[in-house]
Amino acid sequence: MLKEITFSEYLVLSNEVPLIDVRSPGEFLKGHIPFATNIPLFTNDERAKVGTVYKQQSKEKAIELGYTLVNPKLDQFITESESVAPAGKIAVHCWRGGMRSKSFAGHLSENGFETVYVIKGGYKAFRNHALESFKNEANICILGGYTGSAKTYILKELEQMGEQIIDLEGLANHKGSAFGNCGNQPTIEQFENDLFWKWKDLDYTKTIWVEDESHRIGSVNIPMNFFENMRNQLVLFLDIPREERARHLVNDYAQADKEMLADSVNRISKRLGGLDTQKALAHLAANEFYETAMITLIYYDKYYLRGLQNRKHDDIFPLKIQKIDFKQNAKKIIKHHATIVKTKHKTHSV
């Protein structure tokens with residue numbers, strides 16, 4: 001059976017029907033549907049050649065070249081698709097649900113696959129669906145706090161407690177500061193795709209915990225609709241002493257490459273000031289990580305406070321905590337949040 005379905009219809013089937021993306025490797029690398037498998041109809045060079053013929057000669061000539069390039073790979077397509085979908089049920093998409101996906105799907109249907117779905121509108125339809133979903137109203141609670149408050153660790157504890165979370169820094173593969181590089185980041189497009197894949201499964205009527213972030217995390221941007229949604233939510237602000245946060249940062253970063261740490265200090269040197277930059281670098285060279293952290297936190301605390309001042313004062317709910325203890329602090333946050341919600345409900349009921 002060969003059948004066209006919408007992306008929304010595919011989502012219902014996604015746990016049991018594997019997805020094949022037949023676009024070129026370059027298209028796939030830029031952005032793809034999470035968990036899709038890339039079996040490209042054309043290589044990057046082949047796609048470019050077909051496109052050139054289409055523009056300079058005709059559609060018919062481009063199709064003719066396409067068949068010439070694809071025919072030697074037909075058996076390979078079957079073998080690779082069988083390894084992805086041994087049960088014989090599979091979905092296929094290209095950029096817009098056009099000739100590439102329909103030709104590939106037809107080939108599978110003619111060669112033993114029991115059920116083959118083609119995604120209408122292809123990857124473009126998925127992107128429209130994903131970006132539109134970030135407009136959905138949701139019961140988000142922002143977990144705020146100065147740098148070093150262990151917000152990401154607390155999010156993980158909240159998740160262990162059965163709470164809904166979105167770890168933006170985890171999705172971005174970046175800790176959100178000059179010191180936050182964790183390796184290769186996804187493309188902006190792929191970050192948005194991965195965020196949607198997490199977002200789509202949440203219950204918007206229940207609390208969703210999200211760490212307070214600026215619009216940019218390293219080299220990626222939070223989708224504007226999602227970011228605006230975050231900016232309109234209440235903030236549970238962890239007020240933890242700088243000394244305690246500095247000790248936590250030492251545990252987090254002391255094993256990191258010192259050249260990377262020095263480069264990170266230099267990246268904020270203009271805002272840190274020449275003298276404090278020199279002091280921080282000197283402490284770092286002497287393996288005095290605590291002192292380095294205390295100096296850099298002066299800058300980050302001011303930076304975060306400016307961002308916090310852009311929010312409505314009535315939406316910020318401080319929670320004083322003396323020690324960084326992930327499990328205990330997660331419990332305190334749940335209790336504090338319940339009190340906030342109860343108080344706000346009483347206020348609105350009056």
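**Exercise 1. Charges over rings and the aromatic cluster**

Task: Find the ring over whose face K200 lies, and then determine which residues are linked with that ring into a cluster.

Solution: K200 lies over the face of W197, at 4.3 Å from the ring centre, in what is a predicted model. The next step is to follow the ring of W197 into its surroundings, where ring pairs link W197 with F7, F35, W95, Y123, F126 and F196 into a cluster. A further member of this cluster, Y123, also carries a charge over its ring, since the charged end of R23 sits 4.0 Å from the ring centre of Y123. Both contacts meet the distance part of the criterion, which asks for NZ of Lys or CZ of Arg within 6 Å of the ring centre.

**Exercise 2. Classifying two aromatic pairs**

Task: For the pairs F77 with F104 and Y299 with Y303, state the geometry and place each residue in its helix.

Solution: A pair of aromatic rings is described by the distance of the centres and the angle of the planes. The structure holds 17 aromatic pairs, and one of them joins F77 and F104, with 5.1 Å from centre to centre and 50° between the planes. Planes under 30 degrees apart would count as stacked and planes over 60 as edge-to-face, so the 50° of this pair makes it tilted. F77 belongs to helix α5 (residues 74-84) and F104 to helix α6 (residues 99-109), so the pair ties together parts that are 27 residues apart in sequence. As for their environment, F77 is buried, with a relative accessible area of 2%, and F104 is likewise buried, with a value of 2%.

The second pair, Y299 with Y303, is also tilted, with 6.0 Å between the centres and 35° between the planes. Here both residues lie in helix α16 (residues 289-309), where they are four residues apart, about one turn of the helix. Y299 is buried, at a relative accessible area of 10%, whereas Y303 counts as partly exposed at 41%.

**Exercise 3. The packing of α5 on α6**

Task: Describe how the axes of α5 and α6 are arranged, and work out which residues make the contact and of what character they are.

Solution: Two packed helices are described by the angle between their axes and the distance between the axes. The axes of α5 and α6 come within 10 Å and cross at roughly 75°. That angle falls in the range from 65 to 115 degrees, so α5 is roughly perpendicular to α6. On the side of α5 the contact is made by L74, F77, I78 and S81, which meet F104, H107 and L108 in α6. Sorted by character, the residues of this contact divide into five nonpolar, two polar and no charged. The contact includes F77 and F104, the two residues of the tilted pair from the previous exercise.

**Exercise 4. Contacts across the sequence**

Task: Establish what share of the contacts between residues at least 6 apart in sequence joins residues at least 24 apart, and illustrate the result with I316 and A150.

Solution: Among contacts between residues at least 6 apart in sequence, 74% join residues at least 24 apart. I316, in strand β12 (residues 316-320), is separated from V235 by 81 residues in sequence, while their C-alpha atoms are 4.8 Å apart in space. Leaving aside neighbours within four places in sequence, I316 is in contact with V235, F237, L308 and R311, and I316 is buried, at 18% relative accessible area.

A150 is placed in the loop between β6 (140-145) and α8 (151-160), and D325 is 175 residues away in sequence but 8.8 Å away in space, C-alpha to C-alpha. When residues up to four places away in sequence are not counted, A150 touches H248, I324 and F326. At 6% relative accessibility, A150 counts as buried.

**Exercise 5. Positive phi outside glycine**

Task: Give the phi values of A150 and N173, and decide whether each residue is buried or partly exposed.

Solution: A150 has a positive phi of about 65° although it is not a glycine, and N173, which is not a glycine either, has a positive phi of about 55°. N173 lies in the loop between α9 (168-172) and α10 (188-199). The relative accessibility of A150 is 6%, which counts as buried, whereas N173, at 26%, counts as partly exposed.

Conventions
Residues are numbered from 1 along each chain as its sequence is written. This is a predicted model: local features need pLDDT of at least 70, side-chain atom pairs count only at pLDDT 80 or more; totals for chains, interfaces and linings use all residues. Side-chain values use heavy atoms; hydrogens and water are left out. Rings of Phe, Tyr and Trp (its six-membered ring) pair if their centres lie within 6.5 Å; planes under 30 degrees apart count as stacked, over 60 as edge-to-face and the rest as tilted. Helices (H or I, at least four residues) and strands (E, at least two) are DSSP runs, numbered from the N terminus. Buried means under 20% relative accessible area, exposed over 50%, partly exposed in between (1.4 Å probe, protein chains only). A charge sits over a ring if NZ of Lys or CZ of Arg is within 6 Å of the ring centre and within 35 degrees of the ring normal. Axes are lines fitted to C-alpha atoms, for helices over the stretch in contact, and angles run from 0 to 180 degrees between N-to-C directions. Angles under 35 degrees count as roughly parallel, over 145 as roughly antiparallel, 65 to 115 as roughly perpendicular and the rest as oblique. Contact means heavy atoms within 4.5 Å. Ala, Val, Leu, Ile, Met, Phe, Trp, Tyr, Cys and Pro count as nonpolar, Asp, Glu, Lys and Arg as charged, and the others, Gly among them, as polar.
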